[in-house]
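Subject: Structure for you to look at

Dear colleague,

I am passing on the structure we spoke about, together with some notes on what turned up when I went through it. Please have it open beside this message as you read.

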Amino acid sequence: MEMLYLIVSDSHGDRDILCKLVKNYTGKVDAMFHCGDSELKSDDELFDKMIVVGGNCDYDPEFLGQAVKQVGPDRMLLVHGHLLGVGFGLNRLDFKMQEEGCGIAFFGHTHQLGASLMINPGSISFPRGKYASIGGTYALLETDEDYYRIQYYNRDMKPIKELKVVFERGK
């Protein structure tokens with residue numbers, strides 16, 4: 001069963017880009033995830049279409065600190081990452097994935113994209129690190145019974161060819 005997920009994070013009040021993503025991907029992906037620091041209200045109508053958690057810059061107490069979601073064959077952990085110290089390493093995130101029985105984790109906080117089945121989409125609005133010059137990124141994850149395929153995109157919804165990662169599923 002092939003699945004496709006949109007992962008975005010750290011939009012920091014940039015509601016327009018989230019509207020653009022929701023409009024473009026509704027009906028085209030199996031689920032949309034926001035990894036926190038939206039700086040929007042938890043009841044924003046955009047979040048009717050996204051699975052969202054709060055980050056360290058989200059002050060609405062209604063945001064969840066984490067979410068575990070089963071979509072088709074995939075069980076995913078969604079966190080912002082600040083409470084798990086992702087800026088200092090991914091060990092605590094890895095342990096949390098194991099504790100929750102998840103094969104995939106989506107997180108943000110560092111504003112630096114990266115994928116190892118712990119996927120950080122980078123920041124859609126304030127990127128940092130090696131790929132900051134792209135000007136903002138998000139990711140699509142495609143899964144099937146054999147592979148995980150991660151493709152990063154820029155704010156213009158164009159794939160960044162050199163930022164595609166494929167992992168074989170352990171069987």
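I would begin with strands E9 and E10, which pair in the antiparallel sense over 6 bridges; please keep in mind throughout that this is a predicted model. Within this pairing, Tyr153 has Pro159 in E10 as its bridge partner, and the hairpin that E9 and E10 make has 4 residues between the strands, with Met157 taking a positive phi near 65°. On E9 there is also a pairing with E8, again antiparallel, over 7 bridges, and these two strands form a hairpin with 3 residues between them. One of the bridges there joins Glu142 to Arg149 in E9. As for burial, E9 is mostly covered, since 6 of its 8 residues are buried.

The next point concerns the interior. In soluble globular proteins, nonpolar side chains tend to be buried together. Here the largest nonpolar core holds 24 residues, and the members that touch the most others are Phe106, Ile119 and Leu141. Several strands give two or more residues to this core, among them E1 (3-8), E4 (66-71) and E6 (104-106), as well as E8 (137-143), E9 (147-154) and E10 (159-168). Leaving aside neighbours within four places in sequence, Phe106 is in contact with Ile7, Phe33, Cys35, Met76, Leu77, Leu78, Val79, Ile119 and Leu141. There is, in addition, a second and separate core of 20 residues, which includes Leu21, Val29, Leu140 and Met157, the last of these being the residue with the positive phi in the hairpin of E9 and E10.

Finally, I would draw your attention to Asp58, which is found in the loop between strand E3 (51-52) and E4. What is the nearest side chain of opposite charge to this buried residue? That side chain is Lys41, at 10 Å, and Asp58 has no salt bridge; because a salt bridge requires the nitrogen and the carboxyl oxygen to be within 4 Å, Lys41 at 10 Å does not qualify. The side chain of Asp58 does, however, meet backbone atoms: one of its polar atoms lies 2.6 Å from the backbone nitrogen of Asp37, and the side chain also reaches the backbone nitrogen of Ser38 at 3.1 Å. Not counting residues up to four places away in sequence, Asp58 touches Gly36, Asp37, Ser38, Glu39, Leu40, Val53 and Phe63.

With best wishes

Note on methods
Residues numbered from 1 in each chain as written. Predicted model: local features only at pLDDT ≥ 70, side-chain atom pairs only at ≥ 80, totals over all residues. Heavy atoms only, no water. Core = buried A, V, L, I, M, F, W, Y, C linked by side-chain atoms within 4.5 Å. Buried < 20%, exposed > 50% of the residue type's maximum accessible area, 1.4 Å probe, protein only. Contact = heavy atoms within 4.5 Å. Lys, Arg positive; Asp, Glu negative; His and termini not counted. Polar contact = N/O pair within 3.5 Å; in protein donor to acceptor, adjacent residues only side chain to side chain. Pairing = 2+ DSSP bridges.
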